[in-house]
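Student: I have a model open and would like to go through the reasoning behind its description. Could we take it step by step?

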Amino acid sequence: MSRRALRRLRGEQRGQEPLGPGALQFVLHDDDDVEEEGPKRGPGGRRPRGAGEEGVRVNNRFELINIEDLEEAPGVNGDRTDCLLIDAAASGDKRRAQSGRSESRKDGDVADAAVPPEQSNTSGKLRKKKRKQKNKKNAAGESSENGLEDIDRILERIEDASGCSHPGPPPLSARKHVLYVEHRHLNPDTELKRYFGARAVLGEQRPRQRQRVYPKCTWLTTPKSAWPRYTKPGLSMRLLESRKGRSTFAFEHSEEYQQTQHKFLAAVESLEPNNIVVLLQTSPYHVDSLLQLSDACRFQEDQEMARDLVERALYSMECAFHPLFSLTSGTCRLDYRRPENRSFYLALYKQMSFLEKRGCPRTALEYCKLILSLEPDEDPLCMLLLLDHLALRARSYEYLIRLFQEWEAHRNLSQLPNFAFSVPLAYFLLSQQADLPNQELSSAREKASLLIQQALFMFPGVLMPLLEYCSVRPDAAVAAHRFFGPDAEISQPPALSQLVSLYLGRSHFLWKEPATMSWLEENVHEVLQAVDAGDPAVEACESRRKVLYQRAPRNIHRHVVLSEIKEAVAALPPDVSTQSVLGYDPLPPLDTIYSYVRPERYLLLCSFAHTAPRLSPVSHGNTIALFFRSLLPNYTVEGERPEDGGAGGPHLDQGLNRLMLALRDMMANFHFHDLEVPREDHPEGDGEWD
């Protein structure tokens with residue numbers, strides 16, 4: 001037989017030579033007895049090869065190394081090695097093992113033919129003995145393969161043996177901050193896919209994927225092909241300070257952006273939305289203009305365009321983020337007292353409102369947490385009045401309970417009517433889930449009953465309006481009782497009435513379930529029994545209501561204005577409801593930090609095409625100039641007329657012509673009437689005088 005055929009039988013490949021001194025060679029066939037007797041080896045530990053005695057060399061040098069031998073072998077300098085060279089392909093490759101067994105059988109037959117007859121008995125016994133040992137090893141190897149520990153347990157055993165074990169990671173709830181925001185939940189498509197499937201959500205987007213467009217990757221929005229090409233508008237962000245693990249940032253406006261901001265303020269004062277449209281044609285990513293025009297589109301029932309403008313504003317601000325600014329960590333701060341930062345707050349709030357109306361409460365909850373994490377101590381938009389509602393709608397009962405448990409000690413969340421009623425509702429809804437153990441369900445039910453009774457003691461004026469919202473007729477005993485009667489709603493302070501109206505107008509439909517109403521009825525009767533028994537908690541809660549709710553802070557008023565809930569807006573105090581509220585900056589803080597000051601009106605040059613006039617100084621004492629200015633905004637006194645060929649010349653001439661035509665028409669229809677003089681009655685009527 002040729003050497004090539006022998007190589008194929010033995011599983012060798014061309015070019016496989018011994019590795020030199022100390023190389024690993026594994027003989028898979030047991031054909032001679034010399035191995036039992038310990039044959040002499042040549043230099044370098046190699047056994048001399050004779051005719052037909054060449055062993056089969058293994059392709060992978062580490063495939064037959066035993067893990068236990070590695071663990072028992074000492075490493076360098078007495079330490080165990082940290083590297084395990086494990087190749088599971090050799091032990092798990094059944095084809096190679098089967099071919100090795102067949103080759104060993106053939107080699108064994110060839111060896112039997114070469115052995116003399118007098119040695120056949122002894123060699124046969126030794127061969128049987130070796131086969132039994134090999135079968136035992138194979139069985140042990142297969143069992144070790146089936147029950148082999150995974151890599152993590154092996155590494156743990158090595159670390160325990162070496163004495164350098166590391167503590168395991170803490171549980172997920174302990175690792176993440178209560179205001180931690182998850183990136184994947186900021187995308188509404190993630191929630192919509194869970195409700196309707198990927199085909200329904202991405203069906204319209206698939207044909208557009210043929211156009212290879214690679215915009216900047218952002219988390220808050222997805223750039224659309226219909227948007228104008230993005231160019232830096234002059235908006236940036238800088239790091240103010242980093243202390244105690246918290247970093248404070250601030251948006252900055254360049255000189256070009258400041259000029260655009262001044263034009264925007266002039267356009268707002270003109271009360272003409274078309275001026276903002278013209279401004280966006282030259283500055284398509286000016287944030288305040290996008291937000292103001294979004295409100296105008298929303299008032300005109302164009303929700304799609306309003307949402308698109310808000311997304312474009314968010315995209316513009318996210319492109320200006322500082323490299324260290326993180327949306328999810330909960331450690332980045334933005335001071336609301338700076339006007340440049342307020343646009344980001346308002347854009348996030350408007351986007352959150354659109355997401356809630358769109359049916360994405362889980363995504364809206366992440367936006368709410370994001371807004372709250374930007375300044376959790378001051379809470380300028382008072383997101384705590386909304387977070388419980390979104391958590392209940394998203395069925396994140398555990399998160400709401402955890403937030404209440406962690407913040408109740410230092411924020412007194414139970415003093416807010418929304419938390420006082422939403423947290424026991426979360427416990428009750430959690431007790432209705434069937435996948436929890438019975439012990440947890442019973443404890444959640446008890447906790448819910450205890451908290452709802454405390455809420456009814458503290459806020460008795462919530463019950464009757466809640467039942468009215470839910471179209472539930474109260475029991476005669478409850479309606480006639482003095483504790484829940486009309487006096488409970490009338491006697492509460494105005495600030496508390498505002499909070500109650502806000503909560504009921506937003507979350508009353510969460511209580512309409514029959515199971516929830518029956519549970520509420522049970523606890524109402526328990527509270528009435530305690531009131532009739534003279535529970536001291538009744539007087540304590542009444543005195544606390546009179547002290548705590550003297551006047552609502554400014555951030556609550558700002559939240560009510562943004563919420564646009566009619567009942568809550570109607571409960572605003574007169575000093576807030578009578579003042580003008582700007583959509584791009586509702587109720588600004590009294591201690592605003594200005595980084596630049598708007599120049600005087602006569603220093604501005606508003607160049608709105610076709611509509612906006614050139615602004616010029618007018619003396620306050622010039623009454624005639626003010627009169628003509630009121631008639632025609634394009635009117636200019638002598639010395640203010642632009643040069644010939646200027647941008648405002650043709651418009652001024654047209655305006656003057658319109659003024660002259662209007663004056664002629666007014667004078668043509670202008671008549672003087674004499675005072676009525678009593679005349680004698682003529683029987684013949686009005687006739688000609690003689």
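Student: To start, how many helices and strands does the secondary structure of the chain come to?

Tutor: There are 31 helices and 3 strands. Keep in mind that this is a predicted model.

Student: What percentage of the 690 residues is buried?

Tutor: Buried residues make up 40% of the chain. As for contacts with a separation of 6 or more, 70% of them join residues 24 or more positions apart.

Student: Let's look at one residue, then. Why is Y315 called buried?

Tutor: The cut-off for buried is under 20% relative accessible area. Y315 has 5%, so Y315 counts as buried. You will find Y315 in helix α14, residues 303-318. Its C-alpha atom is 7.2 Å from that of L220, although the two residues are 95 apart along the chain.

Student: And what makes K350 buried?

Tutor: The same test works here: its relative accessible area is 11%, and the limit is 20%, so K350 is buried. K350 sits in helix α15. Leaving out residues up to four places away in sequence, K350 touches L291, D295 and V310.

Student: How do you know that the end-to-end distance of α15 agrees with its 20 residues?

Tutor: The expected span is 1.5 Å times one less than the number of residues. For the 20 residues of α15 that should give 28 Å, and the end C-alpha atoms are 29 Å apart, so the two agree. As for cover, 16 of the 20 residues in α15 are buried. Just after α15, G359 takes a positive phi of about 90°.

Student: Why is α27 described as largely enclosed by the rest of the structure?

Tutor: Because 8 of its 10 residues, in the range 554-563, are buried. Those are N555, I556, H557, R558, H559, V560, L562 and S563. The cover over them includes α15 (339-358), α17 (384-393), α24 (494-507), α28 (566-570) and α29 (574-577). Just after α27 comes E564, with a positive phi of about 60°.

Student: Now the helix pairs. At what angle do the axes of α16 and α17 cross, and what makes the pair roughly antiparallel?

Tutor: The axes of α16 (residues 361-374) and α17 cross at roughly 155° and come within 9 Å. Angles over 145 degrees count as roughly antiparallel, so α16 is roughly antiparallel to α17. The crossing is left-handed.

Student: Which residues of α16 and α17 meet?

Tutor: From α16 there are P361, A364, L365, C368, K369 and L372, and they meet L384, L387, L390, A391 and R393 of α17. By kind, the residues of this contact are 9 nonpolar, no polar and 2 charged.

Student: How do you know that α11 and α12 are roughly antiparallel?

Tutor: Helix α11 (residues 255-269) and helix α12 (residues 273-282) pack at about 160°, with axes 9 Å apart. Set against the cut-off of 145 degrees, that angle is over the limit, so the two helices are roughly antiparallel to each other. Here α11 passes α12 in a right-handed crossing. T260, K263, F264 and A267 of α11 make the contact with N275, I276 and L279 of α12.

Student: What kinds of residue make up the contact of α11 with α12?

Tutor: They divide into 4 nonpolar, 2 polar and 1 charged.

Notes
Residues are numbered from 1 along each chain as its sequence is written. This is a predicted model: local features need pLDDT of at least 70, side-chain atom pairs count only at pLDDT 80 or more; totals for chains, interfaces and linings use all residues. Side-chain values use heavy atoms; hydrogens and water are left out. Buried means under 20% relative accessible area, exposed over 50%, partly exposed in between (1.4 Å probe, protein chains only). Helices (H or I, at least four residues) and strands (E, at least two) are DSSP runs, numbered from the N terminus. Contact means heavy atoms within 4.5 Å. Axes are lines fitted to C-alpha atoms, for helices over the stretch in contact, and angles run from 0 to 180 degrees between N-to-C directions. Angles under 35 degrees count as roughly parallel, over 145 as roughly antiparallel, 65 to 115 as roughly perpendicular and the rest as oblique. A crossing is left-handed if the near helix is turned anticlockwise from the far one by less than a right angle, and right-handed if clockwise. Ala, Val, Leu, Ile, Met, Phe, Trp, Tyr, Cys and Pro count as nonpolar, Asp, Glu, Lys and Arg as charged, and the others, Gly among them, as polar.
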